[in-house]
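Hi everyone, thanks for coming. I'd like to walk you through one chain today, so please pull up the picture and follow along.

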Amino acid sequence: MRGQWFIDGTWQPLEEEESNLIEQEHLSCFKGQQMQENFDMEVSKPVDGKEAVHSFKLSRNHVDWHSVDEVYLYSDATTSKIARTVTQKLGFSKASSSGTRLHRGYVEEATLEDKPSQTTHIVFVVHGIGQKMDQGRIIKNTAMMRDTARKIEEKYFCNLATHVEFLPVEWRSKLALDGDTVDSITPDKVRGLRDMLNSSAMDIMYYTSPLYRDELVKGLQQELNRLYMLFCSRNPEFEEKGKVSIVSHSLGCVITYDIMTGWNPVRLYEQLLQKEEEDLEDRWMSYEEQHLLEELYITKQRLREIEERLHELKASTISKTPALKFKVENFFCMGSPLAVFLALRGIRPGNSGSQDHILPRTICNRLLNIFHPTDPVAYRLEPLILKHYSNISPVQIHWYNTANPLPYEHMKPSFLNPTKEPTSVTENESIPTIPSPATSPVMVRRHYGESITNIGKASILGAASIGKGLGGMLFSRFGRSSAPTSQTSETGKEGTEGEDKKPVAIHSTVGTLTFPHSSSGFLDPTC
C-alpha cells in the first residue's frame, strides 16, 4: 500500500482508493499553499468553532478542510450522523465530537536508509478454505511469514544480493457465488457448526460445482494478475529481471494448479465420451442400432472438423493470452489436497521420475509439497511421479536453527515397510534403466507422524515453526547460486541427524519435493 493520508494518533494509512481521491481533491483546491513543516506541533488539537472551507463526499464518508493542514474525515453512517447532531446540540464542535483528523504525509520524514533493497523475487501467498470466517487472516499470516523470512535473510543470507517480498492474495471475499441462498436454507439447530461449515468446507463444494468453479478460478487468476501488474507499475525493472513464486494453502493449491495448467473438467468429459464410443464398438448390436451409431459418429466427426476450423480461424486473428501474466518459478503447496484431486482426475504414477508428469517445467520450474504429518487434508505428491515413493518416508524439514544439519541430498532413504519390495512399475512392466531402491541401505522403519502425536505441545510449536522452517528454505532456494545449496536439495527421504536434539521442531513439518529422475531410482536432488 502507498500511504499518502494518515490517521492522527495511530498514523495508520487510509485505504489507497480513498487516499487517492482525497489527494486529487486536495491538490485541486490547495495546490501552492504553504503547510506547516514542524511535525512537533499539537497534531491532536481539535478545531473549535472554525467553519469548513471545503468539503468532499466519498462513498461512505466525507472530508472537511478547515485549512490547508486541518483536514477531518467523517463517517456518513446513520448512527454517526445522529451522534454528531446530539453532541453539536450539547455545544461540542463537529470535529471534536466525531471527526478523525487526517495528515498528509507520515509523522517522521523518510531517509535514504529507510529504502529497502531492490526486490528480486516476489512470493504470492494464496489462502485456502475458511477465509470467509476471517477475511484479514491471510494478511496477518503473510506478515508473520514476511517477518520470519526477514530474520532468516539477515542471519543466514545477508551476503546475497536478493530481496524477497511476500504479498497476500485474498480472492474469496470478492466472489458473489450463490449470494445468501445457502444461508437461507441452513437450519437453525447447531447453527454455529453449520455456519462454520458454510464458511469453510462449502468452498470445496463450490469448486466442484460446474456452476461456480469458473468464478473461483477467475477470482484468483484476476487477483494474481492485478497484484503483479500493480507491483510492476511501482517497480518498473522487476518485470524484466524479477522472479515470481506462489505459496498456496489447502484448496488454494488446487485452484492455482488449475490456473497454471489450464485444466478444465470439460476435457475430462470429452475423454469419457471417447471411451464410451470405444466401449460401444466392442459390444454386440443390431443392424439398425449399428447404422444409427455410424451416422452419429459421422455427424460428430463433421462437427469436430467445423469446430477445429472455427478455432483455427479465431487463433489466426486473436492471440491467446496466458492465464497468468508471469512465469511461476517455484510453486509451494502447503497442507495441500492437490494429489488426491489429481488421482481422482485419472493421474496415475509415472515412470520417468520427472515433475513434468504432473506439472511441466515450461509452466513452473519447481514444485514443492510441504505438510504437517497430522494434517488430515494434506496428501503426498511424489508417489504420483514414482510409484515406489509411497513406501519411502517424506523428508522432514530441518528446524531453522539446527546446528550443522545433514544436507538433504546426503540422507539415506527410509522405507515405511522395509519388508516390501518397492517398485515403480507393475509386474507386467519392466524398465531396466531404473534399479529398485531396495539396493540402497535401508534405515529402521519409523512412522513420520508418530513423534508429533506423542508430544502434546507439538501442534502449537509446529504452527510457529512452519514459517521459520519454510523461511530458510525459501531464501536458500531464491538465493541459490550455480552450485547446489545443501539447505534446499531434497530427495524425499527421511533424515535422522539432529532428531534427538530437537524432536519437536524437526518433526513439526514434512516436505516432499519433486525432481528429475536419477540413475539410482530416486528423484535427482541436484537439478
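The chain averages a pLDDT of 75, and 67% of its residues score at least 70; pLDDT is the predictor's confidence in each residue, from 0 to 100. So yes, this is a predicted model, where local features need pLDDT of at least 70 and side-chain atom pairs count only at pLDDT 80 or more, while totals for chains, interfaces and linings use all residues. Residues are numbered from 1 along each chain as its sequence is written, and side-chain values use heavy atoms, with hydrogens and water left out.

Where should you be careful? Over residues 38-46 the pLDDT stays under 50, and the model has 13 contacts there beyond four places in sequence; a contact means heavy atoms within 4.5 Å. Residues 480-509 are also below 50, and that stretch has 97 contacts beyond near neighbours in sequence. Where pLDDT is low, the predicted coordinates should not be read in detail.

Now the overview. There are 16 helices and 12 strands in the chain. Those are DSSP runs numbered from the N terminus: helices are H or I with at least four residues, and strands are E with at least two. Of the 527 residues, 43% are buried, where buried means under 20% relative accessible area, exposed means over 50%, and partly exposed is in between, using a 1.4 Å probe and protein chains only. Among contacts between residues at least 6 apart in sequence, 74% join residues at least 24 apart.

Let's look at helix α1, residues 16-30. How far apart are its end C-alpha atoms? They are 20 Å apart, which agrees with the 21 Å that 15 residues should span at 1.5 Å a residue; the expected span is 1.5 Å times one less than the number of residues. The buried residues of α1 include E18, I22 and F30, and the buried residues of this helix pack against β1 (5-7), β2 (54-57), β3 and β5 (100-104). After α1 comes G32, with a positive phi near 100°.

Remember E18, and hop over to N61, which sits in strand β3, residues 61-67. The side chains of N61 and E18 make a polar contact at 3.1 Å. A polar contact is a pair of N or O atoms within 3.5 Å; within protein, one must be able to donate a hydrogen and the other to accept it, and residues adjacent in sequence count only if both atoms are side-chain atoms. Is N61 buried or exposed? N61 counts as buried, because its relative accessibility is 14%. Leaving aside neighbours within four places in sequence, N61 also touches L73, Y74, S75 and D76.

On to charges. Side chains of opposite charge can pair when their charged atoms come close. A salt bridge here is a side-chain nitrogen of Lys or Arg within 4 Å of a carboxyl oxygen of Asp or Glu, and by that rule the count is 16. One of them brings us back to α1: R234 pairs with E16, with the closest N and O atoms 2.0 Å apart. R234 is in helix α8 (residues 213-234) and E16 is in α1, so to speak a long hop of 218 residues. R234 itself is partly exposed, at 26% relative accessible area.

Helix α8 takes part in another salt bridge, between E223 and K174, at 3.2 Å from N to O. E223 is in α8, while K174 is in the loop between β7 (164-169) and α5 (181-184), 49 residues apart. Which partner is buried and which is exposed? E223 is buried, at 8%, whereas K174 is exposed, at 59%.

There's also a salt bridge between D188 and R191, at 3.4 Å. D188 is exposed, with 64% relative accessible area, and R191 is partly exposed at 27%. R146, R150, E153 and E165 are linked in a network of salt bridges.

Last stop, the nonpolar side. In soluble globular proteins, nonpolar side chains tend to be buried together. A nonpolar core here is a set of buried Ala, Val, Leu, Ile, Met, Phe, Trp, Tyr and Cys residues joined through side-chain atoms within 4.5 Å. The largest one has 47 residues, and F124, L224, I255, F326 and F331 touch the most other members. Helix α8 gives the most to this core, with eight residues. Take I255 as an example: not counting residues up to four places away in sequence, I255 touches W171, Y207, L216, V217 and L220. Apart from that core lies another, of 17 residues, among them V125, A149, V395 and L406.
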